[in-house]
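Student: Could we go through this model together, strand by strand and charge by charge? I would like to see how each answer is reached.

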Amino acid sequence: MSLDKLKLSKPLVAAMTDAGFLTPKEIQVRTMSRILGGQDVIAVGPEGSGKTTTYVLATLMKLKYAFEEAPRALILVPDAEHVDLVLEQFKLLNRNNTFRILGIDSRGAVDTQMNEITDGVDIIVAVPDRARALYLKLALNTNKIQLFIVDNAELIVKKGLQLPVVELANSAYKAQHVVFTEVVHEKLNLMIAPFMKDSTTTIEVDEIGEQQAEVYQQMLYHVPNFRTKLNLLTLLLSDADVFDKVVVFVNTRLTAQTVYKNFNHVNETEITIYKPLFFDDAGYDEIDDFKENPESRILIVANENLGDLNIDGIPFILHLELPEQKEILIQRIVKRTDEDVVAITFSTDIELIEVKKIEQAVGQRMDLMELPEDLKIVDAGAKPKKKKGEEEEESSERGAAFHDKKASNLKNYNYSAGTKAKMTYKNKKGLS
């Protein structure tokens, strides 16, 4: 497919060709005409799918003329590093410096940036909080903004920068809004809902590379928060017939203690911690001791200063938290033996981006599991519990601290983790 498909101007075709972009990416083909046509768009695609180049091209095509009195494109990115990356892409394609482009982040003084805007700029690439500060100082005029772009929106949400994004978007009341993200989740939807039009088009490019390595069976549970993760973990592992030998990974030793205390301990060796913080907690300093003890069923392991850990022979590998480096998790799920192993990952909205990166790296999707019907889903915004003596009697229904499952989790085409595990182990253990 040639660049003609994008209907670019001749200077932009020449710039793309000189930069080595000879064929368009799928996300560019599917979104460019809609952006140039004035539609609000949510574009979803993995890292490297061409999202940045897409909106750089669209911005240069959309503005047409340079050197007007106020900025006409505002591009919000999560941090200074992304500001630099976007500026480099503009530099590559903005031949002859046709448009005046300014990067704004916390590395520059506010007064200096105010003067730079006053001197005249066509396109601003900024982090949301600094752009909002300049807007409140009346230095950033958003009345002429034609194109309001949010890039790496999932990272902006992760950094807690939703408020400045919404304020700036609402101030640019004449603008067309375009959002680029690697994942879509509830927190992101809450951020963009106040300014995206009802007619917004969502375009998703699901590019998964060739499988890089053979991995164990992968399952994914998407939950709203850590407290719900604990509830789900407890619920799943209550089935001792299936989950007879489990390693649960968390990120810190303090979290390992929290998870350990969350269980109702039938005996002191059933649930243990790898190298516990406190001497009176049941634990092991050697994982082989855990493997060899038939009474020990669950081992909680912290990634903190862990080093190498031989988990061969453990049929269930659970990641309650995703490690900071995706390579750590990937090493654990790469198939090393012919034994049947199930790897289960728990993810909140914020962690979904890490899940996507892991899937991209191994070239295989995790199976999204439906949440069990009897799972208590904690509402993080619920009121604190009443003091003792004021508590209402518990009913068989969910209380105020819980809410119904989201529609996205009401699936009837997935097996639960326990059911899948039983199917996997049917021949081996004779479970039905």
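What follows is a conversation about the strands and charged side chains of this predicted model.

Student: Let's begin with β5. Which residues of strand β5 point the opposite way from Leu147 and Ile149?

Tutor: Happy to start there. In a regular strand, side chains alternate between the two faces of the sheet. Strand β5 covers residues 147–150, and its four side chains are all buried. With Leu147 and Ile149 pointing one way, the residues that point the other way are Phe148 and Val150.

Student: And which residue of β5 stands opposite isoleucine 75?

Tutor: Look at strand β2, residues 73–76, which runs parallel to β5 and is joined to it by 4 bridges. Within that pairing, the residue opposite isoleucine 75 is isoleucine 149.

Student: β5 also pairs with β6. What is the bridge partner of phenylalanine 148 in β6?

Tutor: Strand β6 spans residues 176–181, and 4 bridges join it to β5 in a parallel arrangement. Phenylalanine 148 is one of the buried residues of β5. Its bridge partner in β6 is histidine 177.

Student: Now the open sheet of 8 strands: which are its edge strands?

Tutor: The order is β11-β10-β12-β9-β13-β14-β8-β15, with parallel pairing. An edge strand pairs on one side only. That description fits β11 and β15, the latter at residues 367–368.

Student: Staying in that sheet, which residue of β14 is opposite leucine 220?

Tutor: Strand β8, residues 217–222, pairs with β14 in the parallel sense over 6 bridges. Opposite leucine 220, the residue in β14 is threonine 345.

Student: Let's turn to charges. How far apart along the chain are aspartate 312 and arginine 336?

Tutor: Their side chains meet in a salt bridge of 2.8 Å, N to O. The pair links distant parts of the chain: aspartate 312 lies in the loop between β12 (298–302) and β13 (316–319), and arginine 336 in the loop between α13 (326–333) and β14 (342–347). Along the chain, their separation is 24 residues.

Student: Is aspartate 312 buried, partly exposed or exposed?

Tutor: Buried would require under 20% relative accessible area and exposed over 50%. Aspartate 312 has 29%, and its partner arginine 336 has 37%. Since 29% lies between those cut-offs, aspartate 312 is partly exposed.

Student: For arginine 365 and glutamate 359, which residue is buried and which is partly exposed?

Tutor: These two side chains meet in a salt bridge at 2.9 Å, N to O. Arginine 365, at 25% relative accessibility, counts as partly exposed. With a relative accessible area of 5%, under the 20% cut-off, the buried one is glutamate 359.

Student: What separates the closest N and O atoms of lysine 326 and glutamate 327?

Tutor: Both residues are partly exposed: lysine 326 has a relative accessible area of 27%, and glutamate 327 has 40%. They form a salt bridge. The closest N and O atoms are 3.3 Å apart.

Student: How many salt bridges does the model have?

Tutor: Besides the pairs we discussed, Glu47, Glu182 and Lys357 are linked in a network of salt bridges. A salt bridge needs a side-chain nitrogen of Lys or Arg within 4 Å of a carboxyl oxygen of Asp or Glu. By this rule, the count is 17.

Student: Finally, where is glutamate 286 of the negative surface patch?

Tutor: The patch is formed by Asp285, Glu286, Asp289 and Glu292. Glutamate 286 is partly exposed, at 49% relative accessible area. Its place is the loop between β11 (283–284) and α12 (287–292).

Methods
Residues numbered from 1 in each chain as written. Predicted model: local features only at pLDDT ≥ 70, side-chain atom pairs only at ≥ 80, totals over all residues. Heavy atoms only, no water. Buried < 20%, exposed > 50% of the residue type's maximum accessible area, 1.4 Å probe, protein only. Helix = DSSP H or I, 4+ residues; strand = E, 2+ residues; numbered from the N terminus. Pairing = 2+ DSSP bridges. Patch = residues over 30% accessible without salt bridge, like charges linked within 9 Å, V, L, I, M, F, W, Y side chains within 5 Å. Areas by Shrake-Rupley, 256 points an atom, 1.4 Å probe, with all protein chains shown as cover. Lys, Arg positive; Asp, Glu negative; His and termini not counted. Charge placed at Lys NZ, Arg CZ, Asp CG, Glu CD.
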